[in-house]
Amino acid sequence: MSAEQPTPAATSPVRLRTTLAGVPAYTPGRPAEPVEGMTAYKISSNENPYPPLPSVLEAVADAARSMNRYPDMGVTGLTAALADRLGVPVEHLATGTGSVAVLAQLLAITCEPGDEVVYAWRSFEAYPIVVALAGATSVQVPLDDGFRHDLDAMAAAITDRTRLVLVCSPNNPTGPAVGEDELRAFLAWVPSDVLVVLDEAYLEFTTEDTVPDALALYREHPNVCVLRTFSKAYGLAGLRVGYAVAHQEVATALRKAATPFGVTDLAQRAAIASLDAYDELELRVKELVAERERVLAGLREQGWDVPDAQGNFVWLPLGEDAVAFAQHCQADGLTVRPFAGDGVRCTVAEPEASDRLLEAAGRWRAGRLS
């Protein structure tokens with residue numbers, strides 16, 4: 001007997017969480033679109049343009065031979081390697097499928113429905129999503145005129161409902177990092193029962209002397225958690241592995257909230273191999289930093305008022321012209337990341353892509369000034 005196919009209903013009777021109505025969709029960087037006669041470049045996602053190191057590829061290939069098995073749920077090899085490198089107890093580490101997954105775990109262990117999460121805005125696009133999905137309330141504090149965190153205003157925004165504060169440094173997508181003195185002053189204001197998460201996804205690209213030692217702050221403050229990733233400088237964006245450093249009670253709770261077997265064996269072995277090969281990776285980071293400085297200098301020479309850049313990207317504060325500028329670049333085979341009404345983030349990638357960006361930015365300004 002053949003089953004009759006049901007007629008699709010106009011609306012589903014399934015009851016979904018009402019909070020979903022307020023959850024914004026994550027907008028990924030668009031892929032490069034081909035333009036006839038041009039090499040297309042994608043600088044819309046903050047990816048490392050370099051391919052994996054041979055030693056990392058070898059580790060992944062070896063791990064692939066046993067992908068029929070579940071991975072080590074405790075991610076013990078990577079945890080031990082991180083503990084040794086960072087000088088922290090293994091009990092103070094928790095891993096996840098990228099730092100954004102660890103961030104979701106942080107929300108899960110700290111926030112009840114209606115609790116508040118304070119963070120700067122504009123900042124990482126996933127923040128309002130994970131906060132809303134946790135049933136918590138976002139308290140967005142505007143950046144200052146230099147597109148930096150306004151830590152004084154963030155401190156003033158903390159209430160008795162605040163459970164978590166996010167500090168993204170360097171800030172994605174605008175670029176500046178917070179300074180150690182201002183961060184220490186901020187931490188002195190934060191109640192001890194509020195968890196402060198220092199999101200350092202782009203730490204390896206920072207060059208300012210004033211960038212704080214986040215691990216020292218975590219050691220001094222039991223309510224500080226450091227969030228990091230292997231997606232950016234280490235070039236493992238496609239394997240999804242991130243981690244948090246926090247005091248034992250927080251780290252234990254994070255491990256409880258993690259998706260079982262979330263970090264694959266391929267990701268774990270690639271991360272360990274990347275730690276072992278950091279001297280080689282650091283050379284690539286330095287090349288990207290040098291390219292970032294070249295792009296910054298070129299934009300400022302053209303007359304752009306661009307903020308400091310401490311990540312692997314630059315920010316063009318175009319306001320309402322953000323989408324139009326992205327379309328302008330697209331015509332030149334260059335895909336950038338517009339944030340409507342705010343600005344455009346451009347990842348530092350191949351020198352050829354940087355050249356294309358400088359050419360497009362120069363023509364844009366010339367057209368606006370003519």
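**Exercises on pockets and cores**

About 340 Å³ of space lies in the second largest pocket of this predicted model.

**Exercise 1.** Describe the lining of the second largest pocket.

*Solution.* Begin with the residues: 22 line this pocket, and the closest to its centre are Met-73, Val-75, Thr-95, Arg-255 and Ala-258. Next, identify the elements that give two or more residues, namely helix H2 (76-86), strand S2 (93-96), H3 and helix H8 (248-257). The largest share, 4 residues, comes from S2. Finally, sort the lining by class: 11 residues are nonpolar, 9 polar and 2 charged.

**Exercise 2.** Determine where the largest pocket lies with respect to domain 1 and domain 2.

*Solution.* First, note that the volume of the largest pocket is about 530 Å³. Among its 31 lining residues, Tyr-26, Phe-124, Tyr-202, Lys-232 and Arg-240 are the closest to the centre. Then consider the domains: because domain 1 (29-50 + 278-369) and domain 2 (54-276) both give residues to the lining, the largest pocket lies between them. By class, this lining holds 12 nonpolar, 11 polar and 8 charged residues.

**Exercise 3.** Locate Phe-186 within the largest nonpolar core and list its contacts.

*Solution.* The core has 52 residues, and Phe-186 is one of those with the most contacts inside it, as are Met-154, Val-165 and Val-196. Helix H9 (residues 265-276) supplies the largest share of this core, 5 residues. Now set aside the neighbours of Phe-186 within four places in sequence; the residues in contact with Phe-186 are then Leu-151, Met-154, Ala-155, Val-165, Val-167 and Val-196. A second, separate core of 26 residues includes Val-295, Leu-316, Cys-329 and Ala-360.

Terms used:
Residues are numbered from 1 along each chain as its sequence is written. This is a predicted model: local features need pLDDT of at least 70, side-chain atom pairs count only at pLDDT 80 or more; totals for chains, interfaces and linings use all residues. Side-chain values use heavy atoms; hydrogens and water are left out. A nonpolar core is a set of buried Ala, Val, Leu, Ile, Met, Phe, Trp, Tyr and Cys residues joined through side-chain atoms within 4.5 Å. Buried means under 20% relative accessible area, exposed over 50%, partly exposed in between (1.4 Å probe, protein chains only). Contact means heavy atoms within 4.5 Å. On a 1 Å grid over the protein atoms alone, a cavity is a set of points where a 1.4 Å probe fits but cannot get out, and a pocket is an open set with protein on both sides within 12 Å along at least five of seven lines; lining residues have an atom within 4 Å of a point. Grid points are joined across faces, edges and corners, and a volume is the space filled by probe spheres set on the points. Ala, Val, Leu, Ile, Met, Phe, Trp, Tyr, Cys and Pro count as nonpolar, Asp, Glu, Lys and Arg as charged, and the others, Gly among them, as polar. Domain bounds come from an automatic or database domain assignment.
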